[in-house]
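Reader: Could you walk me through this model, starting at one helix and then moving to the core?

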Amino acid sequence: MPRGIKLSEFEKGQITAYHEANKSNREIARLMGRSLDLVNRFVKNPEEYGTIKRTGPANKLSERDKRRIFRAASNSTATCNKIKKDLGLGVSPETIRRAISKNTNLVRRKMKKAPALKEIHKQGRLEWARQNMNTDWSKKIWSDEKKFNLDGPDGYRYYWHDLRKEKRYFSRRVHGGGSVMVWGAFCRRGALELAFPTHRLNSQRYQEILETRLLPPWQVLRQSGHEFMHDNAPCHASFRGPRSTRAWLHRHQVQVMPWPANSPDLNPIENIWGILVRRIYADNKQYQSTEALQEAIQQAWGDLDQEMIDNLILSMDNRIFQVINRNGGPTDY
């Protein structure tokens, strides 16, 4: 019988019979024409004969080590290198990363931006939220400014790297290659016309934008009880002298909604800016001129659908609830 061939069921039966007849393993091997080592292994443990044991490398981390790692990683920005150093572990950072990845309660996420809120800010937000629990949000005009860079938004760039292909690289010019400042506003009835200020906004330039972009639709919207929302930026809230923004708004009978300080997460237009950023810079797109970027912004703004706008306005009730529930803290928006 050739070496390396496993015992058949018939041969197993033969060995068992010979063994019960008190024949030695050596004699059984001679009678059957099989190796002594093969007969020895079968006789020693007939039930496990033929099974493959997959032992694998020994676990480098004890259960106690794993619990320490999980505690160190929980809601932490610590890297695997830092966890290794802090805990004095004699394993590689990759081993620590694998251990964390197997814990279903720990997920690697990018932290969301949130306003830096002092206690006075939280109190103001909480008071504002309580005052607006029954507000009709469909009668608000939401506005804000946003800067867009030619090279794309600030922050990290991620992509799925196919190891069979060349790596992709992201190049950024000095100061992002240039930028475009945009003023935008929207309400339940749709988006207002964008403005592209070419200089840094002051009270006078801001009023010029309101003159051409807000006042035309305002003549109709004011009749249905709409209010205008803008934050407390200096050019929005200037109040000294006849040329102040507050005086301008009063002269044109624009009702302004009071707004809590440091509260971009309560303004749904911030979500619209995020949508525009994803569309404008899709697939790492960059622009060679401010004119091309401005055209892309106009296109993306014009493509905003009413259902999305309606959903953002409807989200205000939940934002109010979260502010109250979190004692003025940041919302998930």
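Author: What follows takes up a helix and then the nonpolar cores. This is a predicted model, in which local features need pLDDT of at least 70, side-chain atom pairs count only at pLDDT 80 or more, and totals for chains, interfaces and linings use all residues. Residues are numbered from 1 along each chain as its sequence is written, and side-chain values use heavy atoms, with hydrogens and water left out.

Reader: Which residues of H1 are buried?

Author: In H1, a DSSP run of H or I with at least four residues, numbered from the N terminus, Glu11, Lys12 and Ile15 are buried, meaning under 20% relative accessible area with a 1.4 Å probe and protein chains only, while exposed is over 50% and partly exposed lies in between.

Reader: And what do those buried residues pack against?

Author: They pack against helix H2 (25-32) and helix H3 (36-44), where contact means heavy atoms within 4.5 Å. The face of H1 turned away from its buried side carries the exposed residues Glu9, Phe10 and Glu20.

Reader: Switching to the core, how many residues has the largest one?

Author: The largest nonpolar core has 37 residues, and Trp128, Phe148 and Ile297 are among those with the most contacts inside it; such a core is a set of buried Ala, Val, Leu, Ile, Met, Phe, Trp, Tyr and Cys residues joined through side-chain atoms within 4.5 Å. H11 gives the most to this core, with seven residues.

Reader: What does isoleucine 297 touch?

Author: Not counting residues up to four places away in sequence, isoleucine 297 touches Phe148, Val180, Val182, Leu194, Phe196, Leu276 and Ile280.

Conventions: Helices (H or I, at least four residues) and strands (E, at least two) are DSSP runs, numbered from the N terminus.
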